[in-house]
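I opened this one to look up cavities, strand pairing and backbone oddities. These are my notes, in the order I made them.

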Amino acid sequence: MESISVFEIIKVGIGPSSSHTMGPWNAASAFIRIIKRERSIAEVKEVFLEFFGSLAKTGIGHGTDIAGMLGLNGEDFKTINTSKIDEKIEKIKTTQILNLGGEKEIPFIYGHHLVLNMQKSLDFHPNGMIFKAIFEDGTELIQDFYSVGGGFIASQEKNSIQKDCIRTLYPCHHGSDIARYCEKLGFNRISDLILINEESWRTQEETRKEALYIWQQIKECIYKGVNKEGILPGGLNVSRRAAGMNRKLLGEKIYKNKDEWFQQVVDAEENFTNINKWIACFALAVNEENAAFGRIITAPTNGASGVIPAVLMYSQAFTPFTSEDDIVRFLLVAGEIGTLFKKNATISAAMGGCQAEVGVSSAMAAAGLTEILGGSVGQVLMAAEIAMEHHLGLTCDPIKGLVQIPCIERNTMGAIKAITAANIALESDPSKAKVSLDEVIQTMWETALSMSDRFKETSEGGLAIAVNVPEC
């Protein structure tokens, strides 16, 4: 089984959906690389892109079409100026010209060269797409891709097209592996084990640097979210709420930047109600940014991107465990727990419902928090198990296919459950647990397989059809 770095699970992304935005964007970029490897961009006459299944059915609300066009246009979601996205898409549509790979302008008619096929699904995965390039000599290059959750992509021929297979020094594919290696090596902290394994990708210093970079991006995203008012795009007319909560919680306090704001949060009155509201505010801020095509931290997906930031911010604002070392340990453990779900179940809502997104992120956050609060190896794994256990069967049924209702509020619930799970685990004896983390992951996968497709991000069941929202 392939090892996965924690920074493939927790990484910089762009809203509103890792499966429906980042995945297709990554696939488009990968197709450009394939063209360059097989022929050249200069030889391409036309390109076609067809989305199937869940990508088609909820594509407009998730910006799947936008991601496909920008990826083919040579844009990078990690660096693109997100405020210019609408302008770039409008230019492609009005001029009917795509700058393929940023190198060659070719004709591109929306609805002809890019199609959302809502009547057909590809067998390999619900999130399927097919790219086709026609060269000047009439020959064709066709490639299928599948967005399998968290921005990861695959093809039928190759389960992962993004990287070579890496095996870590102490492969941890199950929770039992983590426990076994920690006992063997005499580690009381899971993060010590993960730090060693991450050396398969980078030095320990580089790992620490990446984790602290992620933390700064989290602070930046929350800060943006708590300072933006208005209506979220997409037609549901959902109002941003994080800014209003932030304003009420801080009262008349003034700040000029994110560091001053963070200090104001730290200095704010601490009681159960206020802390609870802050946690909700943090999660809302991130997911409102996500819904508005903002730059966020995918952890493990965009739809669940508010949980880990909210819980990590809670730990830094309202607990004594605020060192850089604590931040690094939190993210290493949270990311490693996410890899277990990806390997043994799924982190794709189209495959497993929202249990695969908010449920997994809550388990990740619970483990990370328990790690820095001084939990044992067993308690960390137990916290992850508790958090997931109480998300089992959670459906993915966003209204109008947008990552807004119930997604935004659902992240606040995932964060609170994570903190509760950590607190329960810290007061428990893991040796007396009746359910292990590995068992709950297997149960989650079995639940996903048994769940009706209507509740897997298809907009065909649950709230998606129960709430009648007129088209705008």
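The entries below go through the model topic by topic.

**Entry 1. Status of the model**

I am working with a predicted model. I kept to local features with pLDDT of at least 70.

**Entry 2. Cavities**

I began with enclosed space. How many cavities of 30 Å³ or more does the structure hold? I found 2.

I took the largest cavity first. Its volume is about 130 Å³. I counted 19 residues in its lining, and G303, E357, V403, C407 and E457 lie nearest the centre. Two elements, α2 (18–38) and α18, give two or more residues each to this lining. Which element gives the most? I noted α18, with 3 residues. I then sorted the lining of the largest cavity by class and got 8 nonpolar, 8 polar and 3 charged residues.

The second largest cavity holds about 60 Å³ of space. I listed its lining as S3, I4, T168, C172, I194, N197, E198, W201, E336 and K343. Here α8 and α14 each supply at least two residues. By class, I have 4 nonpolar, 3 polar and 3 charged residues for the second largest cavity.

**Entry 3. Helix α8**

That second cavity sent me to α8, which spans residues 190–197. Is this helix mostly covered or mostly open? It is mostly covered, with 6 of its 8 residues buried. I wrote down the buried ones: I190, S191, L193, I194, L195 and N197. I194 and N197 also appear in the lining of the second largest cavity.

What do the buried residues of α8 pack against? I found six helices listed: α1 (6–9), α7 (175–185), α9 (204–225), α14 (324–344), α16 (358–372) and α17 (377–389).

**Entry 4. N287**

I looked up N287 next, which lies in helix α12 (residues 272–291). Is N287 buried or exposed? Its relative accessible area is 1%, so I count N287 as buried, the cut-off being under 20%.

I then left out neighbours within four places in sequence and checked the contacts of N287. I got N302, G303, S305, G306, I408 and N411. G303 is also among the residues nearest the centre of the largest cavity.

**Entry 5. Strands β1 and β9**

I turned to β1, residues 11–14. Both of its faces are covered. K11 and G13 are buried on one side, V12 and I14 on the other. That fits the usual rule: side chains in a regular strand alternate between the two faces of the sheet.

Which strand pairs with β1? I found β9 (residues 295–298), antiparallel to β1 and joined by 4 bridges. For I14, I noted R295 as the bridge partner.

**Entry 6. Strands β2, β6 and β7**

I moved on to β6, residues 128–135. This strand is mostly covered, with 6 of its 8 residues buried. β2 (residues 44–52) runs antiparallel to β6 and shares 7 bridges with it. β7 (residues 140–149) is also antiparallel to β6, again through 7 bridges.

I used K132 as my marker in β6. F48 stands opposite K132. In β7, the bridge partner of K132 is I142.

I also checked the turn from β6 to β7. The two strands form a hairpin with 4 residues between them. G138 in that turn has a positive phi of about 90 degrees.

**Entry 7. Positive phi outside glycine**

I looked up two such residues. Q96 has phi near 55 degrees. It sits in the loop between α6 (85–95) and β3 (97–100). Its relative accessibility is 38%, so Q96 counts as partly exposed.

N237 has phi near 60 degrees. I placed N237 in the loop between α9 and α10 (242–250). How accessible is N237, buried or exposed? I have N237 as exposed, at a relative accessible area of 57%.

**Entry 8. Cis peptide bonds**

I noted a cis bond from A299 to P300, with omega near -5 degrees. P300 falls in the loop between β9 and α13 (307–318).

I noted another cis bond between I405 and P406, where omega is about 5 degrees. P406 lies in the loop between α17 and α18 (407–426). α18 is the helix I had already marked for its 3 residues in the lining of the largest cavity.

Methods. Residues are numbered from 1 along each chain as its sequence is written. This is a predicted model: local features need pLDDT of at least 70, side-chain atom pairs count only at pLDDT 80 or more; totals for chains, interfaces and linings use all residues. Side-chain values use heavy atoms; hydrogens and water are left out. Buried means under 20% relative accessible area, exposed over 50%, partly exposed in between (1.4 Å probe, protein chains only). Contact means heavy atoms within 4.5 Å. Two strands pair if DSSP finds at least two bridges between them. On a 1 Å grid over the protein atoms alone, a cavity is a set of points where a 1.4 Å probe fits but cannot get out, and a pocket is an open set with protein on both sides within 12 Å along at least five of seven lines; lining residues have an atom within 4 Å of a point. Grid points are joined across faces, edges and corners, and a volume is the space filled by probe spheres set on the points. Ala, Val, Leu, Ile, Met, Phe, Trp, Tyr, Cys and Pro count as nonpolar, Asp, Glu, Lys and Arg as charged, and the others, Gly among them, as polar.
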